[in-house]
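Please look over the sequence and the structure shown below before reading on. The report that follows takes up the enclosed spaces, an open pocket, a metal site and two chosen residues in turn.

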Amino acid sequence: MSETLTEELTEQLPAINLPPVVRLPRIIQGLGFAVNRRMFVNRMMDKHGRVFTCDAPVFGRTIVVGDPQVAKQLFAANTDAVGNIQPNLSRVLGKGSVFALDGTEHRVRRKLLTPPFHGKSVKNYEQIFEEETLREAAAWPPGQSFETLAPMMRITLNAILRAVFGADGAHLDELRRIIPPWVTLGSRVAVLPMPTRNYGRYSPWGRLAKYRRKYDEVVRRLIEQVAADPHLDVRDDVLALLLRSTYEDGTTMSHSDIADELLTLLAAGHETTAATLAWTFERICRHPQVLRRLEDEVVAGGDEYRQATILEMQRVRTVIDFSGRHVYAPTFQLGEWVIPRGYSIIVALDHMHEDATEFTDPQRFDPDRFVGRRPPLAFLPFGGGTRRCVGAVFAHVETDVVLRTVLRHFAIETTTAPGEKVHPRGVAYTPKAGGRVVLRRRVTAL
Ligand code: HEM
């Protein structure tokens with residue numbers, strides 16, 4: 001491009017106009033983010049308003065958004081102008097993951113992934129959710145306090161494994177062993193700066209690579225088996241869908257990209273929902289009136305209050321605190337500001353959920369605020385726009401069925417103990433003591 005043309009184009013660009021800039025030294029901002037991201041964001045918003053500019057570790061120059069109107073505009077933006085945040089989870093999941101894709105490639109992959117995680121398909125998984133809950137519940141110690149997070153992880157992992165690979169079976173046992181430690185380590189590593197050199201096999205990256213090699217071995221065998229299935233064209237599991245899919249030029253997805261995408265669904269699809277469920281038990285055993293209404297509703301056969309309780313859960317204990325984008329356009333108009341190329345923009349989902357201008361008395365756990373009402377714009381537990389969580393419906397129905405099944409078969413003891421602290425597990429936030437409850441099996445199910 002000629003120099004004059006570049007100058008002319010540059011002249012036509014609107015002048016950069018950043019939201020209020022945090023003036024603290026970079027190292028202090030980095031520490032604030034690393035030690036307690038949520039607290040740092042809340043403090044900065046109190047000081048600078050609901051949209052501010054800062055230096056974030058890993059993401060660099062970053063605009064943080066806590067204003068729902070601005071978030072709405074970001075989520076609706078042209079995907080060529082803003083793509084997924086860089087770096088993102090694809091650095092642990094691989095370049096074949098939907099997290100790695102932008103623009104047309106992302107749109108095509110979403111078109112493929114959406115049907116198995118929507119409406120009618122999810123209805124077919126309801127029985128799986130119930131079966132997995134009952135299978136896990138058989139081992140719960142009656143009358144003794146226990147952590148719900150670990151069993152919820154097993155329920156949600158088994159459910160997503162069955163949705164992704166079709167029939168249940170021993171062939172999935174190896175994945176049941178490999179995935180949990182991979183996810184625990186992967187979600188910690190995902191939020192750390194990437195080392196510029198390899199720190200050896202005992203470093204977190206070295207250990208993650210070892211799990212990955214095992215995963216690749218197992219999944220390669222599973223992919224080959226399904227690819228050779230004479231009934232491949234009538235199977236409705238996600239793996240079969242990916243194997244059958246073709247790009248516009250007639251080529252198919254490589255097996256290595258399929259392995260990355262399956263790992264994405266298994267990882268993204270179980271820890272988040274398990275954390276939401278563990279928080280649900282942690283909250284309802286501290287709110288006897290909510291618990292009583294949930295039980296009465298199960299007896300009456302309704303679900304409106306339970307649905308509202310799940311939404312309120314996701315508001316008061318948001319398990320994923322932000323959704324992020326990267327500016328690719330030379331400049332991007334965000335509300336009244338003009339953001340330059342290369343900046344990250346993150347939407348502070350949890351901050352909006354706790355904002356008193358959006359939710360009256362935000363600290364109160366009150367499912368009634370969602371009864372008979374559409375959730376407001378500020379309610380974004382699954383992010384938004386073209387990248388909104390692909391598993392949102394799956395997660396909601398799964399949470400609903402697991403909760404209903406537990407309420408039917410167990411009486412949950414209430415407690416006056418203080419609430420559990422919020423614990424950052426890396427990507428998701430979980431109850432610090434694992435969402436402990438005391439349950440008693442009912443002689444007759446509700
Ligand atoms: C309560 C449970 C869940 C929560 C809170 C949650 C939250 C989120 C959030 C906040 C995002 C980012 C959206 C954005 O960038 O705007 C996301 C993306 C994603 N989620 Fe979930 N999620 C949950 C369950 C699931 C499940 C069950 C699956 C799989 C079936 C799943 C698969 C994904 C995938 C593949 C993406 C990437 C979407 C893309 O980049 O296009 N999630 N999720």
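## The largest cavity

In this predicted model, the largest cavity encloses about 90 Å³ of space. Its lining is made up of 15 residues, and those closest to the centre of the cavity are Thr79, Val82, Arg325, Thr386 and Arg387. Two or more lining residues come from each of helix 3 (68–75), strand 3 (82–84) and helix 5 (103–113), and strand 3 gives the most, with three residues. Sorted by class, the lining has eight polar residues, four nonpolar residues and three charged residues.

## The second largest cavity

The structure holds two cavities of 30 Å³ or more, and the second largest cavity has a volume of about 70 Å³. Among the residues that line the second largest cavity are Phe33, Arg37, Arg38, Val41 and Asn42, together with Asp321, Phe322 and Ile346. The elements that give two or more residues to this lining are helix 2 (26–48), strand 8 (344–348) and helix 15, and the largest share, five residues, comes from helix 2. By class, the lining of the second largest cavity divides into five nonpolar, four charged and two polar residues.

## The second largest pocket

Turning from cavities to pockets, the second largest pocket holds about 420 Å³ of space. There are 21 residues in its lining, and the closest to its centre are Pro375, Phe379, Leu380, Pro381 and Arg388. Helix 3, helix 14 and helix 16 each supply at least two residues of the lining of this pocket, with helix 3 giving the most, at four residues. The lining of the second largest pocket consists of 13 nonpolar, five polar and three charged residues.

## The iron site

Which protein atom is the donor to the iron atom of the ligand? The single donor from the protein is the SG atom of Cys389, which lies 2.3 Å from the iron. Cysteine 389 itself is found in a loop, the one that runs between helix 15 (349–353) and helix 16 (392–409).

## Two buried residues in strands

Valine 65 belongs to strand 2, which covers residues 60–65. Is valine 65 buried or exposed? Valine 65 counts as buried because its relative accessibility is 0%, and a residue is called buried when that value is under 20%. Leaving out residues up to four places away in sequence, valine 65 touches several residues, including Met45, Arg50, Val51, Val70 and Ala71, as well as Leu334 and Ile345. Although valine 65 and glycine 324 are 259 residues apart in sequence, their C-alpha atoms are 9.8 Å apart in space.

Threonine 331 lies in strand 6, which spans residues 331–334. Threonine 331 has a relative accessible area of 17%, and therefore it is buried. Not counting its neighbours within four places in sequence, threonine 331 is in contact with Leu13, Pro14 and Ile16, and also with Val338, Ile339 and Pro340.

## Confidence in the model

Across the protein chain the average pLDDT is 91, and 96% of the residues score at least 70. Confidence is lowest in helix 1 (residues 3–12), where the mean is 57, and highest in helix 14 (residues 304–316), where the value reaches 98. Where pLDDT is low, the predicted coordinates should not be read in detail.

Definitions and conventions: Residues are numbered from 1 along each chain as its sequence is written. This is a predicted model: local features need pLDDT of at least 70, side-chain atom pairs count only at pLDDT 80 or more; totals for chains, interfaces and linings use all residues. Side-chain values use heavy atoms; hydrogens and water are left out. Donors are N, O and S atoms within 2.8 Å of the metal (3.2 Å for Na, K and Ca); water is not among the atoms, so sites may look incomplete. Buried means under 20% relative accessible area, exposed over 50%, partly exposed in between (1.4 Å probe, protein chains only). Contact means heavy atoms within 4.5 Å. On a 1 Å grid over the protein atoms alone, a cavity is a set of points where a 1.4 Å probe fits but cannot get out, and a pocket is an open set with protein on both sides within 12 Å along at least five of seven lines; lining residues have an atom within 4 Å of a point. Grid points are joined across faces, edges and corners, and a volume is the space filled by probe spheres set on the points. Ala, Val, Leu, Ile, Met, Phe, Trp, Tyr, Cys and Pro count as nonpolar, Asp, Glu, Lys and Arg as charged, and the others, Gly among them, as polar. pLDDT is the predictor's confidence in each residue, from 0 to 100.
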